[in-house]
Amino acid sequence: MKIKVCGITQPEQLLQLCELDIEYVGFIFYPGSPRYVVNKLKAKEVARLKSSAQKVGVFVNASEDEIMAQVELYKLDAVQLHGNESPSFCNNISDHIKVIKAFRISDEVTNIDWMVKPYEEACDFYLFDQGAMGIYGGTGKKFDWSLIQNANLGKQFFLSGGIGPDDAMALKEFSHPYFYGIDINSRFEIEPGFKDMPAVIEFVKTIRS
């Protein structure tokens, strides 16, 4: 199970996270987020980072030019498209860099397969997050994971949305042939963008045990 810690804004915490056994660190480039990384982390601090963890930029309905500019500036390894990006848009971006396409799961969603089908050839990974009107991530709430377990997905995916310190055992028991990793964020924070590092460390230790 791969682990992605998202919403990083603190230089010291970024270095701490890169010393842990995690595969991805996430930076939010959506100006509407309290975890907006610009002006919190210097681009050169991220670009020069020496770590095996891949750097993921999270974007919401940004233009292709804006995305690729930040990819170059921060030396990102992948992008997560968390808005209403079309399959063709995702496909264009995936010509340049790995794409994680996020899908917001609300109470109205009953068939995951229909939701993702247009994106099968347009991205590298799926990510499933809790849906909320006008909110792009960081709700701190879970959706019904059984919707994913019953889906016939043909692409590796991340689980996200409301995953907290007490979910480690449930995640270890979660089963799907394409279950790739988890994305943690708001439930591991003291305040937006400031992680509860002891909780993150303990969680990673439990997941890896």
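**Exercise 1.** Which residues does F27 touch, not counting residues up to four places away in sequence?

*Solution.* The model is a predicted one. Step 1: list the contacts. With residues up to four places away in sequence left out, F27 touches I8, L14, V37, L41, V46, K55, V56, G57, V58 and L76. Step 2: place F27 in the core. The largest nonpolar core has 61 residues, and F27, F128 and L159 are those with the most contacts inside it. Step 3: find the main contributor. Helix α8 (residues 197-208) gives the most to this core, namely six residues. Step 4: look for a further core. Another core, of nine residues, lies apart from it, and V56, A78, L127 and F158 are among its members.

**Exercise 2.** Describe how strand β1 is paired, and state the handedness of the unit that β1 makes with helix α1 and β2.

*Solution.* Step 1: take the pairing with β8. Strand β1 (residues 2-5) and strand β8 (residues 179-184) run parallel and are joined by four bridges. In this pairing, I3 has I182 of β8 as its bridge partner. Step 2: take the pairing with β2. Strand β2 (residues 24-28) also runs parallel to β1, and two bridges join them. Here K4 is partnered by Y24 of β2. Step 3: add the helix. Together with helix α1 (residues 11-18), β1 and β2 form a β-α-β unit that is right-handed.

**Exercise 3.** Determine whether strand β6 is enclosed or open, and name the strands that pair with β6.

*Solution.* Step 1: count the buried residues. In strand β6 (residues 125-130), six of the six residues are buried, so β6 is largely enclosed by the rest of the structure. Step 2: take the pairing with β5. Strand β5 (residues 98-105) runs parallel to β6 and is joined to it by six bridges. A102 has L127 of β6 as its bridge partner. Step 3: take the pairing with β7. Strand β7 (residues 157-159) pairs with β6 over three bridges, in the parallel sense. In this pairing F128 stands opposite L159 of β7. Step 4: link this to the core. F128 and L159 are both named, along with F27, as having the most contacts inside the largest nonpolar core.

**Exercise 4.** Is K195 buried or exposed, and which polar contacts does its side chain make?

*Solution.* Step 1: locate the residue. K195 is part of strand β10 (residues 194-195). Step 2: apply the cut-off. Buried means under 20% relative accessible area. K195 has a relative accessible area of 2%, so K195 is buried. Step 3: find the polar contacts. A polar atom of the K195 side chain lies 2.6 Å from the backbone oxygen of C6. The side chains of K195 and N185 are joined by a polar contact of 2.8 Å. Step 4: list the surroundings. Leaving out residues up to four places away in sequence, K195 touches V5, C6, G7, Q13, N185, F188, E189, I190 and V200.

**Exercise 5.** For N39 and K75, give phi, location and exposure.

*Solution.* Step 1: take N39. Its phi is near 75 degrees, a positive value in a residue other than glycine. N39 sits in the loop between β2 and α2 (43-47). With a relative accessible area of 78%, N39 is exposed. Step 2: take K75. Phi of K75 is near 55 degrees, again positive in a residue other than glycine. K75 belongs to the loop between α3 (64-74) and β4 (78-81). K75 has 39% relative accessibility and therefore counts as partly exposed.

How values were computed:
Residues are numbered from 1 along each chain as its sequence is written. This is a predicted model: local features need pLDDT of at least 70, side-chain atom pairs count only at pLDDT 80 or more; totals for chains, interfaces and linings use all residues. Side-chain values use heavy atoms; hydrogens and water are left out. Two strands pair if DSSP finds at least two bridges between them. A crossover is right-handed if, with the strands pointing away from the viewer, the path from the first strand over the helix to the second runs clockwise. Buried means under 20% relative accessible area, exposed over 50%, partly exposed in between (1.4 Å probe, protein chains only). A nonpolar core is a set of buried Ala, Val, Leu, Ile, Met, Phe, Trp, Tyr and Cys residues joined through side-chain atoms within 4.5 Å. Contact means heavy atoms within 4.5 Å. A polar contact is a pair of N or O atoms within 3.5 Å; within protein, one must be able to donate a hydrogen and the other to accept it, and residues adjacent in sequence count only if both atoms are side-chain atoms.
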